[in-house]
Amino acid sequence: MANFKQWFPHTTTPFIANAPMFGFADANLATAVRKSGGFGFIGGGFDFRSESTQLRGLNTQLANARSILGLTDDQPLPLGVGFITFQPDGLIENAILVLQKHRVAAVWLSFPRADTDHLPIIQAIRKVQESSDWDVRIFVQVGTVKAAEEAVRQGVDVLVVQGSDAGGHQWAQGASLISLLPEVRDLLSKAQNTTTAILAAGGIVDGRGCVAALGLGADGIVMGTRFVATSECPAPCTIKQTIVSRSDGGISTIKSIQHDIFQSTDLFPRQYDGRAIIGVSYGDSQEGVTDEEIIRRYNEAKEAGEHQRRTVWAGASIGSINAVVSVEHVIRSTQQEVDMIVERLKAGI
C-alpha cells in the first residue's frame, strides 16, 4: 500500500479504484472516485485508429475531467485510463498521444490476444515517459498466474488480479481470488519483488471483500459492479435497478460468450468470456431460440429505446448490492467497514 500512497498522494487507505468500464466509467464517475479519496479510471475503449470516435470521445472525457477537477491544461491529470488491447493497431501511434497530452497518472491494459502483446505498448509508454514531463504508472489486468508472470517480466507497476467472480469480461478459464491472489503474491515474494503492487478485482463490493483481498495478499482493491450502481455512473436506471434487485449471484449471473453474441459485441478472443446477469435473451437461448432470432429481438428492442434485452454485466456478489448510492458513500462505507473489521479481529471478537 505504500506504493499507492507514494504514487497517488490524494488517495486514502485502503486504496480503492473503479474498474475502467468502457461506456460506464466516464469523467463524472472517475472524478467522483478521485474526490472521495479513491483512484478514478476512465474507460478508453478498444479502437485506436486515427479516425476512431472512441479516441475522440476519450479526449473529450479527459478534458471534462480536467474541468471538473479545476485543473489547468499544464497540470497533470490525477486519473487513469483503461484500454482493451486485443486489437492494438494504432494504440502506440495514436492513443499514447492522448494520454501524454493530458498527462494521466495511470494506464490500465487488459485482454490482449497474447500476453506478450503488451510489451511493445509498455515500452512505447516508457519511452515517451522518459523523454517528457509525464509521471505515469502502468497497470496490467491478469486472470492467471502465467499472465501475471509475463506482466512482471514486462516491468509493470501494478498487477490487477481478476478473479472469476468478476462481472464483465474475464478469463474463460480461471479461479476466484481466494486461490488466484495468494499464488500471484507468492510469485512476487519468491522473486523478492517489492516494487510491483497488486490490486484485487472480482466480486468485491464492500469492506468485507476488501479485508479478505488484503488478507490474501492485495495492496488495494478494484470495484466494478458496485460502482455501476451509483448515482454518478451514466448507466441507465434500468440497469442499476436490475443489479440491486438480484440476489444469489452464483445463480442469477453466469459466465458465457453468449452475452456478447446476443448484442453483436462478440469481438473478444476465445480465451475470454464474460459474467452477466441471466436475462431475457439468455433465457430465450435456454429455451431453444436461435442466436439469429435473439439478435433480431435485441436490435428491435434497442431501436425502440428499450433496455430489457441489454446485457447487464455484473459480478457474483450482486446479492450484497442493495441500493443505488453515491460514489462517496461506497468508498467511505467500505473503508469504515474495513477499520471496524480490523479492530474486531485485533480484539479477538
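How are helix 3 and helix 4 oriented to each other, roughly parallel or roughly perpendicular? That was my opening item for this predicted model.

**Helix pair.** I looked up the axes of helix 3 (residues 53-68) and helix 4 (residues 91-102): they are 10 Å apart, at an angle of about 10 degrees. Angles under 35 degrees count as roughly parallel, so I put helix 3 and helix 4 down as roughly parallel to each other. Then I listed who makes the contact. Helix 3 brings Leu 55, Leu 58, Asn 59, Leu 62, Ala 63 and Arg 66, while helix 4 brings Asn 94, Ala 95, Val 98, Lys 101 and His 102. Sorted by class, I get six nonpolar, three polar and two charged residues for this contact.

**Gln 61.** I stayed in helix 3 for this one, since Gln 61 lies there. Is Gln 61 buried or partly exposed? Its relative accessible area is 24%, so I noted partly exposed. Leaving out residues up to four places away in sequence, I found Gln 61 touching Asp 26, Ala 27 and Ile 42. I also checked Gln 61 against Ile 84: 23 residues apart in sequence, 17 Å in space, C-alpha to C-alpha.

**Sheet.** Next I pulled up an open sheet of three strands, ordered 7-11-10 with antiparallel pairing. Strand 7 (168-171) and strand 10 (253-255) are at the edges with a single partner strand each, so each has one side without a neighbour in the sheet. From one strand to the next, the twist averages 25 degrees. Strand 7 pairs with strand 11 (residues 272-277) over four bridges. I looked up one bridge there: Gly 168 has Arg 275 in strand 11 as its partner.

Key: Residues numbered from 1 in each chain as written. Predicted model: local features only at pLDDT ≥ 70, side-chain atom pairs only at ≥ 80, totals over all residues. Heavy atoms only, no water. Axes fitted to C-alpha atoms, helices over the stretch in contact; angles between N-to-C directions. Helix = DSSP H or I, 4+ residues; strand = E, 2+ residues; numbered from the N terminus. Parallel < 35°, antiparallel > 145°, perpendicular 65-115°, else oblique. Contact = heavy atoms within 4.5 Å. Nonpolar A, V, L, I, M, F, W, Y, C, P; charged D, E, K, R; others polar. Pairing = 2+ DSSP bridges. Buried < 20%, exposed > 50% of the residue type's maximum accessible area, 1.4 Å probe, protein only.
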